[in-house]
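Trainee: Could we go through this one together, please?
Mentor: Happy to; have a look at it here.

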Number of protein chains: 2
Amino acid sequence: MPDSALLTDLYQLTMLQGYYEQNMEELAVFEFFVRKLPETRGYLVAAGLAQVLIYLEQLRFSSDEIEWLASTGQFKLSMLDRLKTLKFTGDVHAMPEGTVFFPNEPILRITAPLPEAQLVESRIINLLHFQTLIASKAARSVLIAPDKLLVDFGMRRAHGSEAALLAARASYLAGFTGSATVAAGMHFGIPIFGTMAHSFIQAYSSESQAFADFAKANPDNVVFLVDTYDTEAGAQKVVDLAAALHAQGIKIKGVRIDSGDLADHARKVRTILDRGGLNDATLFASGNIDEHKLAELIAEQAPIDGFGIGTRLDTSADAPYLDCAYKLQEYAGIARRKRSEGKATWPGRKQVYRNYDNGIISGDTVTVDNAPCAGQPLLQLVMQGGKTVVGQPTLVEAREYARCQLNSLPMSLRQLSNTLEYPVIISAELQVLAKTVDERNTG
Amino acid sequence: MPDSALLTDLYQLTMLQGYYEQNMEELAVFEFFVRKLPETRGYLVAAGLAQVLIYLEQLRFSSDEIEWLASTGQFKLSMLDRLKTLKFTGDVHAMPEGTVFFPNEPILRITAPLPEAQLVESRIINLLHFQTLIASKAARSVLIAPDKLLVDFGMRRAHGSEAALLAARASYLAGFTGSATVAAGMHFGIPIFGTMAHSFIQAYSSESQAFADFAKANPDNVVFLVDTYDTEAGAQKVVDLAAALHAQGIKIKGVRIDSGDLADHARKVRTILDRGGLNDATLFASGNIDEHKLAELIAEQAPIDGFGIGTRLDTSADAPYLDCAYKLQEYAGIARRKRSEGKATWPGRKQVYRNYDNGIISGDTVTVDNAPCAGQPLLQLVMQGGKTVVGQPTLVEAREYARCQLNSLPMSLRQLSNTLEYPVIISAELQVLAKTVDERNTG
């Protein structure tokens with residue numbers, strides 16, 4: 001997925017034109033953070049850093065892009081000359097992907113010459129926002145159903161191709177088993193899952209014939225969709241077919257139900273399969289599932305082994321965006337903040353420290369970077385001078401780290417609706433700094 | 001934006017393996033439609049067809065992709081050989097982009113050999129769903145504020161890069177003035193807008209100096225963001241600067257407010273600008289705006305000339321997905337439908353006819369294709385034998401068509417909350433066909 005340098009807001013370029021003209025190229029520090037949690041979230045899971053690092057390393061304006069910018073008549077030649085050779089040369093500190101985090105905690109800090117740090121704002125938010133949104137949504141299902149097979153089914157209603165790919169990645173990072181999106185398998189090595197759609201059954205005049213032909217064509221992946229016409233009748237046809245398939249050395253892995261009362265159908269289908277000797281066949285359900293439906297089905301002890309979770313996951317339907325920002329916190333060695341009503345930020349370059357109580361997280365402190373503070377620092381150097389620091393975790397390693405992170409959540413935060421607000425303390429040092437910055441700007 | 005053929009669900013490929021093995025390659029007809037409107041929508045605006053046509057024309061499996069598929073061990077050599085030469089050779093009928101439509105009305109029909117028509121399902125839904133979602137959301141703002149400058153500001157919180165680009169396109173199609181996303185300007189020729197962020201002001205120790213330098217660097221695009229510290233004080237600084245800029249031949253185009261009570265600030269800032277002789281300077285507002293906020297500001301007669309509408313537009317926050325489907329309606333000349341509970345569809349290849357009353361749409365009929373019916377047929381042939389029919393509308397033409405379509409809506413549907421359900425009749429012919437199909441499948 002090559003990124004275009006033009007994936008940015010126009011104001012970044014008009015500002016760059018100002019910065020270059022005034023030689024404002026000293027080091028700037030920007031931080032990305034979430035201001036406020038959506039009502040339906042008690043924590044978030046950091047994701048998207050790997051794509052940010054690739055974006056920053058590969059950031060270049062192509063000659064086509066420069067030519068197009070010139071054609072708009074909005075940019076001076078001196079500016080376009082600078083863009084021709086622009087690279088990202090800065091440092092990045094970040095929380096590792098999979099880290100659980102809370103409002104006002106920077107999860108990424110950029111330290112770079114002002115124009116570079118400014119230009120990348122739009123795409124950095126775009127990348128961190130979306131994967132964090134999806135990983136945080138997916139984690140809720142993972143914690144509700146830790147022993148179930150959970151598969152991302154959302155590509156078709158994800159918002160475009162990149163959303164589909166990155167939703168597959170972010171949900172896998174958060175603990176999903178895999179995705180139905182084939183390209184996510186090729187790009188990210190994510191396990192891919194899939195069997196048949198209703199159209200396959202409909203294209204035949206006989207449902208049984210459709211099952212038989214599918215099994216022959218896909219002998220290692222025999223999962224039948226049984227609800228095209230009548231769910232239980234479909235399940236019975238599967239049982240009736242088992243002996244003939246067995247004789248051909250084909251094993252029925254399971255069935256999928258995609259409509260109706262899933263718990264009720266699952267119970268009936270399970271009985272039909274068991275009576276037919278298909279005790280090993282697994283039961284997979286899909287159709288309008290999210291973490292609430294999942295909790296309901298598990299509470300009802302529906303005999304379902306795996307779930308396809310699509311639209312509501314890939315669009316984060318109950319909270320389709322985060323109130324997040326990427327803000328200038330320091331320029332030329334001086335701490336800054338904006339004070340716009342309702343949008344004031346904590347100034348300066350910061351670090352987040354986390355404390356634990358018997359392996360369970362018990363409170364974070366946001367403070368001035370390098371101020372003494374108890375706890376484990378969460379922001380780490382991941383890029384230096386425009387080069388990614390070697391030894392970044394693989395996706396599988398990040399997934400394992402996310403699993404540990406989710407296991408460190410207090411029980412109250414693991415519930416689907418929680419009343420506890422996790423304690424995030426703004427340190428005295430940081431409060432003093434904010435006051436100093438405000439006095440300077442008022443003066 | 002090149003599409004990968006692997007942007008599909010795995011089950012499409014497992015089904016293809018079955019279809020090829022059984023020589024099931026006769027003509028199939030699939031249709032895309034929306035089952036039900038979101039609660040907060042009274043109509044939808046069709047969008048995304050242009051990208052679907054490009055996708056279908058360019059659909060190929062690259063040798064890398066074939067190799068990767070082989071490496072999964074899930075596909076037979078005979079199947080991979082077929083994929084190597086696969087192209088889309090079918091026909092497409094569709095409602096033109098910008099057409100207003102309603103539930104159960106197909107907006108796109110694919111007629112192609114079964115494997116081709118099946119494979120493209122996931123990406124066709126992905127493309128039509130998202131742009132239709134955004135165009136339908138954007139249209140609500142356009143109808144509320146037809147005389148205002150409306151600019152898409154949503155790139156950063158759009159779900160990935162493609163969502164950002166396509167949201168810019170879909171909102172422009174629905175009548176927005178333009179977008180802040182630079183790449184949308186280059187790719188689609190959409191007018192781009194943008195000025196400065198708070199970080200530009202913060203990087204200076206003096207707000208006035210920041211304004212002066214910005215104006216000098218961007219003399220043709222002088223819009224100042226005035227709310228970084230104190231909105232009215234910021235506006236006064238703009239007035240104080242006007243004479244000096246005028247002396248340099250630089251005209252102040254306007255100011256932007258991004259926080260606080262927008263109506264209240266707008267009135268105060270308007271007064272400050274007018275008293276300072278800047279009567280021509282326009283006032284632009286942004287920050288958590290959607291069609292409801294827009295309606296509120298217009299009802300309050302806030303003196304705002306233009307609006308940046310971001311997150312809630314690009315994520316369609318109040319309705320982040322549509323209940324839509326792409327379903328097999330006919331195979332080998334025989335009409336089909338699925339009957340899954342709550343998900344039954346109308347079978348066969350269909351046409352939608354629209355009637356008007358004094359230029360206002362008054363009722364649609366969904367019927368069997370080629371059945372006699374009064375009204376204007378909405379589905380048109382746009383691709384034949386895998387080639388796009390010449391003379392497809394440009395984006396600007398589609399935008400003009402969308403404007404006429406929105407103007408044909410009855411007043412009740414133009415409101416933000418409407419109680420009227422637009423009449424869509426399922427013709428007697430179609431009801432008879434559905435009965436025939438069901439009797440065949442039951443028998």
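**Cavities and symmetry**

Mentor: Let's begin inside this predicted model. The largest cavity is lined by E31(A), F33(A), N104(A), P106(A), Q329(A), T345(A), W346(A) and K350(A).

Trainee: What volume does the largest cavity have?
Mentor: Good place to start. The structure holds five cavities of 30 Å³ or more. For the largest cavity, the volume is about 60 Å³.

Trainee: How many charged residues are in the lining of the largest cavity?
Mentor: Sort the lining by class. E31(A) and K350(A) are among the lining residues, and Glu and Lys count as charged. Beside three nonpolar and three polar residues, the number of charged ones is two.

Trainee: Which residues line the second largest cavity?
Mentor: Look in chain B for these. The second largest cavity has a volume of about 50 Å³, and its lining divides into three nonpolar, three polar and two charged residues. Those residues are E31(B), F33(B), N104(B), P106(B), Q329(B), T345(B), W346(B) and K350(B).

Trainee: What kind of axis relates the two copies?
Mentor: Two copies of a chain are related by a rotation about an axis and a shift along it. Here chain B superposes on chain A, with an RMSD of 0.0 Å, after a rotation of 180 degrees and a shift of 0.0 Å along the axis. The copies are therefore related as by a two-fold rotation axis.

Trainee: And what percentage of the contact residues of chain B recur in chain A?
Mentor: Nice follow-up. Contact here means heavy atoms within 4.5 Å. The same surface serves both copies, and the share of chain B contact residues that recur in chain A is 100%.

Conventions: Residues are numbered from 1 along each chain as its sequence is written. Chains are lettered from A and ligands numbered from 1 in the order in which they are written. This is a predicted model: local features need pLDDT of at least 70, side-chain atom pairs count only at pLDDT 80 or more; totals for chains, interfaces and linings use all residues. Side-chain values use heavy atoms; hydrogens and water are left out. Copies are superposed by least squares on the C-alpha atoms of residues with pLDDT of at least 70 in both. On a 1 Å grid over the protein atoms alone, a cavity is a set of points where a 1.4 Å probe fits but cannot get out, and a pocket is an open set with protein on both sides within 12 Å along at least five of seven lines; lining residues have an atom within 4 Å of a point. Grid points are joined across faces, edges and corners, and a volume is the space filled by probe spheres set on the points.
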